[in-house]
Amino acid sequence: MRTFLLLIAVFICTNVHAQLGYGPEVSLGSSSMHFVPNSAFTSSSTSGIFSYRLGGVIDAPFTKHLYFQSGLSFSHKGGDRNYSFYVSDSLNDAESRSLVLNYIDLPLTIVYKTRSQGKGRAILGMGATMSYLIGGTSTLNAHGAYNDTAFTVHSKTTPDQILRKFDIGANFFIGYELPTGLYFKVYYLSGVKDLGLTSEVSKNKMWGISAGFMFGKGRNVNKDAEGLIDKSTD
């Protein structure tokens, strides 16, 4: 991770003189969580929820094919989980928890684009996403028995009571950028940090389809001497 961040810093310092591309991006998809309950539970399963992301992107050229992208976005993530154990009719527990998580995301992504500026081209990106939890809900439903006494629990709390607020994930995408600046991509985000505050393991996962528009498509005009424009037909 340190090597990647150092590479990003070099990219930024090298390109402070270059005019940035910039624009909005909207994503729709699904999110879930990699989840391992504590050792008392013998069965578990997870399912996804509808997710979305709204934000802005900046696009800095390093060469005519290699770019650095970043920005800020609001993302809606989470997932549903079910877990249980059964020892006997007098000792058992079945729980379900629904997590709705709101984050501010900061992606740091290296992007490869197959053709030169101003032409239709495939795009491929990979990098890291830093996320900070800013809100949401955690809804728990449980029922079972303990010492022949039945119990039922329903509670709703803030998710930071069971999850760490800061998250780091690896992001990947592939898509296509039109000459006009309009682009589409399919993305996947996989959390690499365990967010659980207890013995549970929790990691975010998110995938979806994004659409955006990049202003500043003419930002490399008359920069032939810098090698940012390729006049060939590819």
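## Exercises around strand β5

Ala94 has its place in strand β5, which spans residues 91-113. The model used in these exercises is predicted.

**Exercise 1.** Determine whether Ala94 is buried, partly exposed or exposed, and find which residues Ala94 touches when those up to four places away in sequence are not counted.

*Solution.* Begin with the accessibility: buried means under 20% relative accessible area and exposed means over 50%, with partly exposed in between. Because the relative accessibility of Ala94 is 26%, this residue counts as partly exposed. Next come the contacts, and with residues up to four places away in sequence left aside, Ala94 touches Tyr83, Ser84, Asn141, Ala142 and His143. Finally, take His143 from that list and look at the backbone: the C-alpha atoms of Ala94 and His143 are separated by 5.6 Å, although the two residues lie 49 residues apart along the chain.

**Exercise 2.** Work out how β5 pairs with β4 and with β6, giving the sense and the number of bridges for each pairing.

*Solution.* Start with strand β4, residues 66-88, which pairs with β5 in the antiparallel sense over 19 bridges. In this region Leu66 stands opposite Tyr112 of β5, and the connection from β4 to β5 is a hairpin through two residues. Then turn to β6, where the pairing with β5 is again antiparallel and runs over 23 bridges; here Asn102 is the residue that stands opposite Gly135 in β6.

**Exercise 3.** Identify the residues of the largest nonpolar core, and state which element gives the most to this core.

*Solution.* The largest nonpolar core has eight residues, namely Met33, Leu99, Leu101, Tyr103, Leu133, Ile162, Leu163 and Leu195. Assigning them to elements shows that β5 gives the most, with three residues. Apart from this core lies another, of seven residues, including Tyr67, Phe173, Tyr187 and Leu189. To examine one member of the largest core more closely, take Leu133, which touches Leu101, Asn102, Tyr103, Pro159, Asp160 and Lys165 when residues up to four places away in sequence are not counted.

**Exercise 4.** Find the residues that make the nonpolar surface patch of about 540 Å², and establish which elements give two or more residues to it.

*Solution.* The patch, of about 540 Å², is made by Leu72, Ile104, Leu106, Tyr132, Ile134 and Phe166. The elements that give two or more residues to the patch are β5 and β6, the latter covering 121-146. As a last step consider Phe166, which is found in strand β8, residues 166-177; because its relative accessibility is 35%, Phe166 counts as partly exposed.

Definitions and conventions: Residues numbered from 1 in each chain as written. Predicted model: local features only at pLDDT ≥ 70, side-chain atom pairs only at ≥ 80, totals over all residues. Heavy atoms only, no water. Helix = DSSP H or I, 4+ residues; strand = E, 2+ residues; numbered from the N terminus. Buried < 20%, exposed > 50% of the residue type's maximum accessible area, 1.4 Å probe, protein only. Contact = heavy atoms within 4.5 Å. Patch = residues over 30% accessible without salt bridge, like charges linked within 9 Å, V, L, I, M, F, W, Y side chains within 5 Å. Areas by Shrake-Rupley, 256 points an atom, 1.4 Å probe, with all protein chains shown as cover. Salt bridge = Lys/Arg side-chain N within 4 Å of Asp/Glu carboxyl O. Pairing = 2+ DSSP bridges. Core = buried A, V, L, I, M, F, W, Y, C linked by side-chain atoms within 4.5 Å.
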